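Please open the structure in your viewer and keep the sequence panel beside it. The tour below proceeds one selection at a time.

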Amino acid sequence: MNRFDPLPAGMRALPTDERGIPVPWFVDWFSGKPDFRVVDGRRLIEGWNRDLCWICGKQLFAFRAWIVGPVSMINRCTGEPPAHPECARVALLNCPFLSNPHMKRSKAALPASHSGGGELVEHNSGLSSAWITRGRGGELFDPGNGPLFRIFEPHKVEWFCKGAAATDDEVHAEFECAAQRLRDIDRRYGPAALQNLESRIAACSKWLPERGSGDR
Ligand SMILES: [Zn+2]
């Protein structure tokens with residue numbers, strides 16, 4: 001759990017909580033205490049507009065890492081702006097909300113992952129990724145219920161599961177599980193919605209690792 005060493009340069013300047021854990025830049029504070037479940041909405045827009053890392057708050061460089069689970073990946077849509085790849089890796093290895101599938105953020109901070117049908121699908125697999133793009137890699141839009149980011153084709157994808165690098169089998173199993181959940185929802189919206197979903201799933205499949213047997 002304690003894999004903060006060495007911390008990326010940007011994160012070394014972050015304040016720490018009473019346990020000594022760095023408090024990400026996006027976290028909101030209440031009466032002098034950080035609430036890790038709550039995203040500071042103003043920083044979401046500020047970070048994007050000023051091209052700052054979502055985790056350390058410092059200027060981004062050529063590559064950006066979007067922390068996304070399989071549902072966000074399939075929908076190419078996430079509620080949170082990108083971070084430095086090295087800051088994202090620290091979060092993916094340590095953040096309990098990303099590494100523990102049984103932990104849920106408060107409603108206020110849920111990553112707004114929507115299926116094609118517009119229903120909220122809570123991200124509850126342990127699988128997450130650093131979806132690394134070159135350049136800005138996405139765009140901000142508002143579908144009517146708050147800001148979201150459309151994410152573009154990545155430069156590469158790094159996979160994590162339950163606080164560690166994911167095995168190929170974990171990636172395939174969890175990805176398929178998420179795809180099936182979306183199919184179960186979109187089936188109700190008819191064949192066109194389902195076909196649209198299948199093409200989005202197929203577009204993501206190329207970013208899954210080769211299986212050990214090579215039977216992709
Ligand atoms: Zn950073």
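Display the whole chain as a cartoon: its secondary structure consists of seven helices and nine strands. The model is a predicted one. Of the 216 residues of the chain, 52% count as buried. If contacts are taken between residues at least 6 apart in sequence, 63% of them join residues at least 24 apart. Now switch to a surface display. The accessible surface comes to about 10,500 Å², and 54% of that area belongs to carbon and sulfur atoms.

**First stop: the zinc ion**

Select the zinc ion together with its protein donors. Which atoms are these donors? They are the SG atoms of Cys53, Cys56 and Cys87 and the ND1 atom of His84. They lie 2.1 to 2.4 Å from the ion. Use the angle tool next: the four donor atoms subtend angles of 97 to 120° around the zinc ion, and therefore the arrangement is tetrahedral. The relevant cut-off is that four donors count as tetrahedral if all angles lie between 85 and 135 degrees.

Then find the donors in the sequence panel, where they follow the spacing C-x2-C-x27-H-x2-C. Are Cys53 and Cys56 buried or exposed? Both Cys53 and Cys56 are buried.

**Second stop: helix H2**

Select residues 41-50, which form helix H2. Colour Leu44, Gly47 and Trp48, the buried residues of this helix. They cover an arc of only 95° around the axis, so they lie on the same side of H2. Give another colour to Arg42 and Asn49: these exposed residues are on the face of H2 turned away from its buried side.

What do the buried residues of H2 pack against? Show strand S2 (33-39), strand S3 (63-68), strand S6 (138-141) and strand S7 (148-151), for these are their packing partners.

Both ends of the helix merit a selection. At the start of H2, display the side chain of Asp40, one oxygen of which reaches to within 3.0 Å of the backbone nitrogen of Arg42. After H2 comes Asp51, which is found in the loop between H2 and S3. Asp51 is not a glycine, yet its phi is positive, at about 60°. With a relative accessible area of 16%, Asp51 is buried, because buried means under 20% relative accessible area.

**Third stop: Asp17 and its surroundings**

Move to the loop between helix H1 (9-12) and strand S1 (27-30), and select Asp17 there. At 8% relative accessibility, Asp17 counts as buried. Show the side chain of Arg19 as well: a polar contact of 2.5 Å joins it to the side chain of Asp17. Leaving out residues up to four places away in sequence, Asp17 touches Val23, Pro34 and Phe36.

**Fourth stop: Trp159 in strand S8**

Select residues 156-161, which make up strand S8, and pick out Trp159 within it. This tryptophan has 10% relative accessibility and therefore counts as buried. Which residues does Trp159 touch, apart from those up to four places away in sequence? Among them are Met73, Leu127, Val171, Phe175, Trp207, Leu208 and Pro209.

Two distances can be checked here. A polar atom of the Trp159 side chain lies 3.1 Å from the backbone oxygen of Trp207. Trp159 and Pro209 are 50 residues apart in sequence, and their C-alpha atoms are 8.8 Å apart in space.

Continue along the chain to Lys162, in the loop between S8 and strand S9 (164-165). Lys162 is not a glycine, and its phi is positive, at about 50°. At 46% relative accessibility, Lys162 counts as partly exposed.

**Last stop: Arg183 in helix H6**

Finally, select helix H6, residues 168-186, and locate Arg183 in it. Is Arg183 buried or exposed? Its relative accessible area is 12%, so Arg183 is buried. To see its surroundings, display Glu176, Leu194, Leu197, Glu198 and Ile201: Arg183 is in contact with these residues, its neighbours within four places in sequence being left aside.

Definitions and conventions
Residues are numbered from 1 along each chain as its sequence is written. This is a predicted model: local features need pLDDT of at least 70, side-chain atom pairs count only at pLDDT 80 or more; totals for chains, interfaces and linings use all residues. Side-chain values use heavy atoms; hydrogens and water are left out. Donors are N, O and S atoms within 2.8 Å of the metal (3.2 Å for Na, K and Ca); water is not among the atoms, so sites may look incomplete. Four donors count as tetrahedral if all angles lie between 85 and 135 degrees; four count as square planar and six as octahedral if opposite donors are over 155 degrees apart and all others between 65 and 115; anything else is irregular. Buried means under 20% relative accessible area, exposed over 50%, partly exposed in between (1.4 Å probe, protein chains only). Helices (H or I, at least four residues) and strands (E, at least two) are DSSP runs, numbered from the N terminus. The arc is that of the directions from the helix axis to the C-beta atoms. Contact means heavy atoms within 4.5 Å. A polar contact is a pair of N or O atoms within 3.5 Å; within protein, one must be able to donate a hydrogen and the other to accept it, and residues adjacent in sequence count only if both atoms are side-chain atoms. Accessible areas come from the Shrake-Rupley method with a 1.4 Å probe; for residues, only the protein chains shown count as cover.
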